[in-house]
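Welcome to this guided tour! Keep your viewer open and your selection tool ready, and we will go from stop to stop together.

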Amino acid sequence: VQLQASGGGLVQAGGSLRLSCAASERTYSTYIMGWFRQAPGKEREFVAAITWSGSNTYYADSVEGRSTISRDNAKNTVYLQMNSLKPEDTAVYYCAAHRSISTRPSMYDYWGQGTQVTVSS
């Protein structure tokens with residue numbers, strides 16, 4: 001499965017962004033999809049994940065209530081809507097695919113190339 005993340009950019013604090021992750025094949029719909037982020041000098045961290053049906057979602061405490069993960073299996077795409085952005089949300093955001101739910105980056109089999117999100121204060 002090849003993943004292509006997009007939608008990052010520069011936004012002021014309090015603003016919103018919607019990230020997208022397009023998958024290369026229909027088998028994507030059988031995978032758990034996750035979003036991770038990595039800020040300079042920090043380890044990659046879990047942001048959100050969604051089950052293949054979309055019926056279950058999981059969020060890091062740091063983004064809970066401000067972000068929504070969703071997927072459109074007909075379009076082979078997963079989204080991350082981020083609202084009320086803060087400067088500490090600044091990072092490269094990656095989408096990833098795995099066969100089961102995990103918050104550990106090492107468990108994910110496939111990764112997109114990352115998209116930069118920069119939040120100015």
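Before we select anything, here is a term for the tour: a residue is buried when its relative accessible area is under 20%, exposed when it is over 50%, and partly exposed in between (1.4 Å probe, protein chains only). What you see is a predicted model, in which local features need pLDDT of at least 70, side-chain atom pairs count only at pLDDT 80 or more, and totals for chains, interfaces and linings use all residues. Residues are numbered from 1 along each chain as its sequence is written, and side-chain values use heavy atoms, with hydrogens and water left out.

**Stop 1: the sheet**

Strands here are DSSP runs (E, at least two residues), numbered from the N terminus, and two of them pair if DSSP finds at least two bridges between them. Select the open sheet of 4 strands, whose order is S1-S3-S8-S7 with antiparallel pairing. At its edges are strand S1 (3-6) and strand S7 (67-72), each of which pairs on one side only. Strands of a sheet pair through backbone hydrogen bonds, either parallel or antiparallel.

Now show S7 together with strand S8 (residues 77-82): 6 bridges join these antiparallel strands. Click on Thr 68 and look across to S8, where Gln 81 stands opposite.

**Stop 2: Glu 45 and Arg 37**

A salt bridge is a side-chain nitrogen of Lys or Arg within 4 Å of a carboxyl oxygen of Asp or Glu. Side chains of opposite charge can pair when their charged atoms come close. How many salt bridges does the structure hold? There are 3.

Select Glu 45 and Arg 37, which form one of them, with the closest N and O atoms 2.6 Å apart. Glu 45 is partly exposed, at a relative accessible area of 35%, whereas Arg 37 is buried, at 6% relative accessibility.

**Stop 3: Asp 89**

Keep Arg 37 on screen and add Asp 89: their side chains meet in a salt bridge at 2.9 Å, N to O. This pair links distant parts of the chain, 52 residues apart, with Asp 89 in the loop between S8 and strand S9 (91-98) and Arg 37 in strand S4 (residues 32-38).

Next, add Arg 66, which forms a salt bridge with Asp 89, the closest N and O atoms being 2.8 Å apart. Arg 66 lies in the loop between strand S6 (57-59) and S7, and Asp 89 in the loop between S8 and S9, so this pair ties together parts 23 residues apart in sequence. Buried or exposed? Asp 89 is buried, at 1% relative accessibility, and Arg 66 is buried too, with a relative accessible area of 12%.

Finally, show Arg 37, Glu 45, Arg 66 and Asp 89 together: salt bridges that share partners join these residues into one network.
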